[in-house]
Amino acid sequence: MEERTNSPAARLYRSMYLIRRVEEEIIRLYPTDKIKSPVHLSIGQEAVSAAVCDHLEKSDVLFGTYRGHALYLAKGGDVPRMMAELYGKVDGCARGKAGSMHLVDPSVNMMGTSAVVATGISNAVGAALALKMQKSKAIVVCFFGEGATDEGAWHESMNFASLRKLPILFVCENNFYAIYSHVKDRLAGPGLQARSNAYGIPAELVEDHEPMKLHERAGAAVAAVRRGDGPRFLECMTYRWRDHVGPGEDRVHKYRPDEELNAKIEGDNLKIVGDLLSADQRKSIEAAEEKRVADAIAFAEASTFPEDQEVYDHVFAG
Amino acid sequence: MSLRADNRTLTYGEAVFEATRSEMARDPSVFVMGQGVDDARGMFGTTLGLHKEFGSERSFDVPLAEDAMTGVGIGAALMGMRPIQVHQRMDFVLLCMNQIVNMASKMSYMFSGAHKVPLVIRAIIGRSWGQGAQHSQAFHSYFMHIPGLRVVAPTTPHDAKGCLIQAIRDDNPVIMIEHRMLHNVKGVVPPESYEIAYGKARVLSPGKDITIVGISHMALECVRAKHLLEDAGIDAEVIDPVSLSPLDISTIAASVERTGRLLVVDTGWLSCGASSEILSETFERIGERRHFVAKRLGYLPTPCPTTKILENLYYPSPQSIAQATYRLVRGENATAWQPGKVDSAEVAEFRGPF
């Protein structure tokens with residue numbers, strides 16, 4: 001989400017590059033144990049968040065999951081405050097009480113992410129209900145993995161969103177694996193588009209390695225929801241390069257073929273988008289984002305830990 | 001309960017309706033959602049016709065999807081709305097636990113005040129005329145366990161109105177426990193708007209020999225037991241906690257400090273229950289300086305049987321409360337005493353069906 005003066009490819013590259021570099025820095029810093037928190041990295045999946053969020057306004061409301069770094073950054077979440085949050089510092093986006101799994105930035109309507117699979121989906125539907133009651137022009141976008149569609153909460157939420165024709169876009173990041181469990185071992189029937197259609201919600205699937213097509217189809221879906229056509233469902237095929245949790249690779253667990261992972265890394269979406277730009281364009285974007293990342297880490301390092309009495313703060317609002 | 005010059009009486013159910021209606025009129029962000037809230041019965045009259053007065057956008061039926069519907073309420077609350085969710089039976093609230101525990105009660109803390117969840121969940125406990133094992137359960141202690149959640153269980157129509165108004169205006173999630181046996185009980189309810197503060201117990205009837213704490217419907221049964229005990233020359237103080245989380249332990253402990261005896265009668269099971277909490281907090285507060293004897297009564301440690309003959313054994317009654325009180329005051333070796341008979345009309349006359 002940024003000023004739309006640059007080309008879509010340039011905007012996507014900037015967003016994806018930022019996400020990639022923030023997470024590479026998390027990997028670099030992790031052995032120092034300054035980030036005392038589980039991290040669920042999005043490396044390999046950056047295109048989905050970047051492509052969808054490029055069509056959103058600041059007032060549009062976003063719900064996501066514990067694999068939420070990409071989403072937070074793509075929606076324009078504050079980078080230094082994210083890094084300070086990972087460090088558990090008082091200048092973090094939730095003063096250190098959230099960590100990596102619950103990033104929040106109300107100033108851009110990034111509503112905060114949940115670590116219990118599928119639990120934020122109905123909240124997103126409720127936010128869409130509120131927007132409709134308030135006659136707002138904003139829409140809700142709800143991100144989740146394909147694992148969340150196993151949960152009853154997803155089905156109940158899809159039904160109600162369709163019943164009330166709510167302004168919400170459901171974005172499923174289908175990366176095939178719920179931890180190490182393959183979707184084919186969990187999903188019966190003809191797939192998620194068919195399930196979405198069964199609830200009366202038009203659905204579309206976009207294959208991996210087509211970031212510009214993903215960007216275009218996300219734009220169409222966002223426009224439909226904004227027009228008041230009711231919910232839309234976008235199934236985005238994608239792939240997580242790293243382990244389910246933690247900074248490492250997970251080839252040692254042998255739950256997915258090496259060749260499958262190698263092919264995904266080979267077809268890196270960041271490179272695909274970068275190749276659409278000139279070397280100079282890339283260099284200028286990269287330099288700017290590198291500075292943001294370095295500044296964010298410096299900010300986190302310089303910040304302090306919360307005082308003891310903060311442990312009692314905010315149990316209740318007000 | 002303060003008696004007023006006009007002395008207007010309403011049933012508990014009418015008091016809940018009046019609180020809801022006046023808050024909906026006052027604040028357009030207040031709305032009601034729940035299975036059957038807009039049907040011909042209107043949730044035992046507590047939501048009857050609100051959809052006609054305020055429109056079907058503000059009082060509406062929902063699919064049988066407790067999990068997601070709770071989440072929808074939370075999501076709407078995050079955006080500044082003030083939903084009231086209603087469950088005909090508390091047993092079904094078990095299907096909402098993930099949203100209540102993992103989301104509603106944690107959002108303020110987890111996001112350091114970036115979000116608030118002004119959500120009211122009304123949960124009705126059933127009893128009598130064959131409600132059986134799955135339409136009679138009382139889970140208030142589950143919710144008392146959770147930081148970030150307020151739990152109120154008003155007994156009188158007066159407190160039902162004030163607690164609900166307070167809950168609707170609160171920026172935090174509140175579980176309001178209503179006992180179905182209370183819905184038709186009458187009491188004085190001032191017509192104007194008022195709030196009942198959290199964490200303030202109500203002394204329903206003062207006394208000097210023993211402190212009896214009765215939760216929700218059991219507070220009513222405890223007042224009946226108090227009258228039976230007059231026959232044995234025992235003067236019991238009956239306290240209604242009203243608010244279960246936060247609990248007003250000061251009022252209870254001060255009473256026990258005077259009487260030296262505590263009986264807690266819960267609308268629920270004893271193990272890890274509200275009665276355990278009240279007893280242990282009271283002990284922590286005054287145990288070092290004041291010796292006191294204590295006992296707890298509640299549901300039998302079984303599921304609720306459907307047949308009336310067994311169901312009668314399952315619940316504490318004015319007689320069993322009076323008997324337990326007598327033993328606590330006079331000691332185990334005292335002369336036997338049989339309490340008189342008293343009618344719990346709201347139980348005896350209940351024909352449901354729910």
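1. A good place to start is helix H8 (residues 217-230) of chain B, which lies across E9, strand E10 (210-214), strand E11 (236-240) and E13 of chain B. Helix H8 of chain B runs at about 170 degrees to E11(B). Please keep in mind that this is a predicted model.

2. Now for the sheet under that helix. Its 5 strands follow the order E9-E11-E10-E13-E14 in chain B, and they form an open sheet with mixed pairing. Strand E9 (202-205) and strand E14 (293-297) of chain B are the edge strands, each pairing on one side only. On average, neighbouring strands of this sheet are turned by 25 degrees against each other, direction ignored. At the E14 end, strand E13 (residues 261-265) of chain B runs parallel to E14(B), and 5 bridges join the two. If you would like a pair to find on screen, Leu263(B) has Lys295(B) in E14(B) as its bridge partner.

3. Stepping back to the whole chain, the domain assignment splits chain B into domain 1 (9-188) and domain 2 (202-348). Taken over C-alpha atoms, the centres of domain 1 of chain B and domain 2 of chain B are separated by 27 Å. How many residues of each domain are in contact with the other? Domain 1 of chain B contributes 28 residues and domain 2 of chain B contributes 22.

4. Which elements make up the side of domain 1 of chain B that touches domain 2 of chain B? Helix H6 (140-144), strand E6 (150-152), helix H7 (157-169) and strand E7 (174-179) of chain B each supply at least two residues. H6(B) gives the most to this side, with 4 residues. By class, this side of domain 1 of chain B has 15 nonpolar, 10 polar and 3 charged residues.

5. Strand E7 of chain B deserves a closer look. Buried or exposed, what are the residues of E7(B)? In E7(B), 6 of the 6 residues are buried, so the strand is largely enclosed by the rest of the structure. Both of its faces are covered: Val174(B), Met176(B) and Glu178(B) are buried on one side, and Ile175(B), Ile177(B) and His179(B) are buried on the other.

6. The pairing of E7(B) is also easy to follow. Strand E5 (residues 120-125) of chain B pairs with E7(B) in the parallel sense over 6 bridges, and Val120(B) has Val174(B) as its bridge partner in E7(B). E6(B) also runs parallel to E7(B), joined to it by 3 bridges. Here the bridge partner of Val151(B) in E7(B) is Ile175(B). Together, E6(B), H7(B) and E7(B) make a right-handed β-α-β unit.

7. Chain A has a unit of this kind to look at too: E7(A), helix H8 (residues 211-227) of chain A and E8(A) make a right-handed β-α-β unit. Strand E7 (residues 203-206) of chain A and strand E8 (residues 232-237) of chain A pair in the parallel sense over 4 bridges. In E8(A), Phe233(A) is the bridge partner of Ala203(A).

8. Next, the contact between the chains. It brings 32 residues of chain B into contact with 33 residues of chain A. On the chain B side, helix H3 (66-78), helix H4 (97-104) and helix H5 (107-110) each supply at least two residues. H3(B) gives the most, with 9 residues. By class, the side of chain B that touches chain A has 15 nonpolar, 13 polar and 4 charged residues.

9. Two of those helices also pack on each other. The axes of H3(B) and H4(B) come within 8 Å and cross at roughly 30 degrees. The contact is made by Asp67(B), Thr70(B), Gly71(B) and Ile74(B) of H3(B) with Asn98(B), Gln99(B), Ile100(B), Met103(B) and Ala104(B) of H4(B). By class, this contact of H3(B) with H4(B) has 4 nonpolar, 4 polar and 1 charged residues.

10. One last residue to click on is Ser108(B), which has its place in helix H5 of chain B. Why does Ser108(B) count as buried? Ser108(B) counts as buried because it has 23 C-beta neighbours inside 10 Å, and the cut-off is 20 or more. Beyond residues up to four places away in sequence, Ser108(B) touches residues of chain A, including His314(A) and Phe316(A), and residues of chain B, among them His115(B) and Asn172(B). The C-alpha atoms of Ser108(B) and Arg224(B) are separated by 42 Å, and the two residues are 116 residues apart along the chain.

Note on methods
Residues numbered from 1 in each chain as written. Chains lettered and ligands numbered in written order. Predicted model: local features only at pLDDT ≥ 70, side-chain atom pairs only at ≥ 80, totals over all residues. Domains from an automatic or database assignment. Contact = placed C-beta atoms within 7 Å. Nonpolar A, V, L, I, M, F, W, Y, C, P; charged D, E, K, R; others polar. Pairing = 2+ DSSP bridges. Axes fitted to C-alpha atoms, helices over the stretch in contact; angles between N-to-C directions. Buried ≥ 20, exposed ≤ 12 C-beta atoms within 10 Å, placed from the backbone. Right-handed = clockwise from strand over helix to strand, strands pointing away.
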